[in-house]
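The following account leads the reader through a structure, beginning with one chain and proceeding to its partner and the contact between them. The reader is invited to keep the display in view throughout.

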Amino acid sequence: MDLPVWQALYTELAARNFVVITVAMDAGGAADAGQWIEAAAPTHPSLIDVQHRVAELYDWVNVPSIAWIDEDGRIVRPNDPGFAGEYFRGMMEPDFDFQAMMSEAQQQQARYLAAVRDWVERGPACPYALTPDQVRERLAGPNADHARAAAYFRLGTYLQHHGRSDAAQAAFAHAKSLRPESWNYKRQAWHLEEMGKSGGPEFWAEVKALGNRPYYPRSEL
Amino acid sequence: MDTKVITLLSDGAETSLSAHVTGDDVWLSATDLTRATGWKLTRDGFCQGSMCIPIPPGRAAELTRADGSVNVAAFARLRGQALVHDDDASVWALDASSTARTSTRASVEAPDFTLPDLTGRLHCLHEHRGRKVLLASWASW
């Protein structure tokens, strides 16, 4: 879990006019996200988003997804996977090298946090802070299928909260087929269907089916 | 005409209201449209704050009726939004993605949101104007 890393970064940089906001994409609410938040004891705003509203507004399809927002409320980086990488994908193979994964994960984390520190220090002069046109290039325009997927996902979270799990899964199925690249839709629906299924054989089969395609968008950092 | 109580999900809110449902059309009172979506039917079209969407020529009948009711399905089409409903047809949901994409691409402004923390206290993104914000998603699953 990333929460302790974000909390440490916030503690380090809070005096520099910087805040971290973490948002749990958890339709199960505090029952699912609460224990992780309690363990991280955040002093930054650590929020729970049962509708995945932030993912809808920022067009994010996976966790973690990260945006950088400047003092004027403008996006300067719209969608990074942060220090998440592809290295986890071989995890189910018998000869998987956990040591190598840990060391790659640490390197990526160090690189990403260094980039954030540079931005906090230098603002627009930081090479990772994008111009408005560069941000626009990275933002998708309206898409009818994605809009329907988002509406079905919203419907699904509502039905789930009202005890109609079967109807919720039917709505999630529409969302998933309209936007198959959303791991948030898939894994959240699996999790609500059955605890553990979001990281079970169905998940690994879908990861394998990606072939050479990335699991996370490229971070370019 | 078939009148029933439905729930309309829009922009994070859920509103219970009565509607006339005929085929794909969902007719509400203009007051209920405002209650559910924040959009008001005025002489200038549909307005929210200072923004108005005029009713395009030839589309008035699809959108409004003489009794003052509004077809939320046509209103969604006008805004480029998706409107979906569940099989027993008591809940309708509008997406926020299409309109957010259009406005974010135009302004590059980070979309605002209001969400609770673990204690239930609400936080808005805009409270942090004047500071740099790193916004990060995660999930328990």
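**From chain B to its contact with chain A**

Of the 141 residues in chain B, 42% are buried. This is a predicted model, and the description that follows should be read accordingly. Chain B comprises four helices and 12 strands, and its C-alpha atoms occupy a box of roughly 50 × 35 × 20 Å along the principal axes. Among the contacts in chain B with a separation of 6 or more, 33% are made by residues 24 or more positions apart.

Helix H4 of chain B (residues 97–107) repays a detailed look. Which residues of this helix are buried? They are Ser97(B), Ser98(B), Ala100(B), Arg101(B) and Thr104(B). These residues lie on the same side of H4(B), because they cover an arc of only 160 degrees around the helix axis. The underlying principle is that an α-helix has 3.6 residues a turn, so residues three or four places apart point the same way. The cover over the buried residues of H4(B) includes elements of the other chain, namely helix H3 (53–58) and H6 of chain A. Just after H4(B), Val108(B) adopts a positive phi of about 60 degrees.

Attention now turns to chain A, which is divided into domain 1 (3–137) and domain 2 (144–209). The centres of these two domains of chain A, taken over C-alpha atoms, are separated by 23 Å. Where the domains meet, 13 residues of domain 1 of chain A are in contact with 13 residues of domain 2 of chain A. The side belonging to domain 1 of chain A consists of seven nonpolar, four polar and two charged residues.

The contact between the chains draws 73 residues from chain A and 47 residues from chain B. Which helix supplies the largest share of the side of chain A that touches chain B? Helix H6 of chain A (residues 144–161) does, with 10 residues. H6 of chain A is thus met again here, having already appeared in the cover over the buried residues of H4(B). By class, the side of chain A that touches chain B has 46 nonpolar, 13 polar and 14 charged residues.

Strand pairing also joins the two chains. Strand S3 of chain A (residues 66–69) and strand S12 of chain B (residues 132–138) pair in the antiparallel sense, over four bridges. Within this pairing, Ala67(A) has Leu135(B) of S12(B) as its bridge partner.

Terms used: Residues numbered from 1 in each chain as written. Chains lettered and ligands numbered in written order. Predicted model: local features only at pLDDT ≥ 70, side-chain atom pairs only at ≥ 80, totals over all residues. Contact = placed C-beta atoms within 7 Å. Nonpolar A, V, L, I, M, F, W, Y, C, P; charged D, E, K, R; others polar. Pairing = 2+ DSSP bridges. Domains from an automatic or database assignment. Buried ≥ 20, exposed ≤ 12 C-beta atoms within 10 Å, placed from the backbone. Arc of directions from axis to C-beta.
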